[in-house]
Amino acid sequence: MWGCTVKRLPSIFIIFLFVLLAIPAELFAKVETSKIIIKGADLSAPIEITDPKTLANFIVWTGTGTGCTGACSTPSPESFIVDWSQPMANHPNGLRRYEVRFYAKMPDERLIYVVFYNYDPATEHGYVYFPGKTEEWYRLNVSTIFHGVEGKWFRASSVWEGVARPLIAGAEAEAHVR
């Protein structure tokens, strides 16, 4: 009887580990973004996005490296704040850099993810960078979700551009007036 128990222990452990890892992902997938803060470059004060309709477009748990169970819709090439279909080896240098922080209520509001957004006024394109292994925010990000694209650049999604660019332009114009 002891031999039987020893043989079953590894499979029970594997099942327990799988359940332990799968449950948080399912719970997190239902958590909505509660706030986005954009800071950096020429901004005199951080920009805070709290409108629920706007925030509904920017869910950290969507895009590359994510999955779902049950009836799943076809993944969108543009989700989170990224156009996943346009990875980039590099992006233009010398652009304004903004730190974009995502918060969620779990149940208390807390920082869950950070990326960098650079905007090129010459081409009117924005770029999103996911911090790599040796960089600040990597550990926080991968503890939330591992997209598998850490350390890489992507074109920003058109939805993100439509929200971020006017807010940033307005904040920068306001700072120059002061």
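**Overview. The whole chain, for orientation.**
Buried means a relative accessible area under 20%, exposed means over 50%, and partly exposed lies in between (1.4 Å probe, protein chains only). The views show a predicted model, in which local features need pLDDT of at least 70, side-chain atom pairs count only at pLDDT 80 or more, and totals for chains, interfaces and linings use all residues. Residues are numbered from 1 along each chain as its sequence is written, and side-chain values use heavy atoms, leaving out hydrogens and water. The chain has four helices and eight strands (DSSP runs numbered from the N terminus, with H or I over at least four residues for a helix and E over at least two for a strand). Starting at the N terminus, you can follow the elements in the order α-β-β-α-β-β-β-β-β-α-β-α. Of the 178 residues in the chain, 38% are buried. Among contacts (heavy atoms within 4.5 Å) with a separation of 6 or more, residues 24 or more positions apart account for 62%.

**View A. The second largest pocket and its lining.**
This pocket has a volume of about 170 Å³. A pocket is an open set of points on a 1 Å grid over the protein atoms alone, where a 1.4 Å probe fits and protein lies on both sides within 12 Å along at least five of seven lines; lining residues have an atom within 4 Å of a point. Its volume is the space filled by probe spheres set on the points, which are joined across faces, edges and corners. The lining consists of G94, L95, R96, Y98, Y117, Y119, P121, A164, R165, I168, A169 and E172. Strands β5 (96-105) and β6 (109-120) and helix α4 (158-177) each supply at least two of these residues, and α4 gives the most, with five. By residue class, the lining divides into eight nonpolar, one polar and three charged (nonpolar: Ala, Val, Leu, Ile, Met, Phe, Trp, Tyr, Cys and Pro; charged: Asp, Glu, Lys and Arg; polar: the others, Gly among them).

**View B. L167 and its partners.**
Stay with helix α4 and look for L167, which is found there. With 35% relative accessibility, L167 is partly exposed. Apart from neighbours within four places in sequence, its contacts are I47 and I49. I38 is another residue to locate here: its C-alpha is 9.4 Å from that of L167, although the two are 129 residues apart in sequence.

**View C. Aromatic pairs and a cluster.**
The whole structure holds eleven aromatic pairs (rings of Phe, Tyr and Trp, the last by its six-membered ring, with centres within 6.5 Å; stacked if the planes are under 30 degrees apart, edge-to-face if over 60, tilted for the rest). One of them joins Y113 and F130 edge-to-face, at 6.3 Å centre to centre and 70° between the planes. Because Y113 lies in strand β6 and F130 in the loop between β7 (125-129) and α3 (138-144), this pair ties together parts that are 17 residues apart in sequence. Both Y113 and F130 are buried. A second pair to find is Y129 with W153, which counts as tilted because the ring centres are 4.9 Å apart and the planes meet at 40°. It links strand β7, home of Y129, to strand β8 (residues 153-156), home of W153, across 24 residues. Y129 is buried at 9% relative accessibility, and W153 is buried with a relative accessible area of 11%. Y113 and F130 also belong to one aromatic cluster, together with F80, W84, F102 and F154.

**View D. Charges over rings.**
Which ring does the charged end of K35 sit over? It is the ring of Y103, at 4.7 Å from its centre. In a charge-over-ring arrangement, NZ of Lys or CZ of Arg is within 6 Å of the ring centre and within 35 degrees of the ring normal. R97 does likewise with F116, lying over the ring face at 3.9 Å from the centre.

**View E. Backbone features in the loops.**
Most residues other than glycine have a negative phi, and most peptide bonds are trans. The peptide bond from M106 to P107 is cis, with omega near -10°, and P107 lies in the loop between β5 and β6. E124, in the loop between β6 and β7, is not a glycine but has a positive phi of about 60°. This residue is partly exposed, with a relative accessible area of 48%. W137 also has a positive phi, near 85°, and its place is in the loop between β7 and α3. Is W137 buried or exposed? With a relative accessible area of 16%, W137 is buried.
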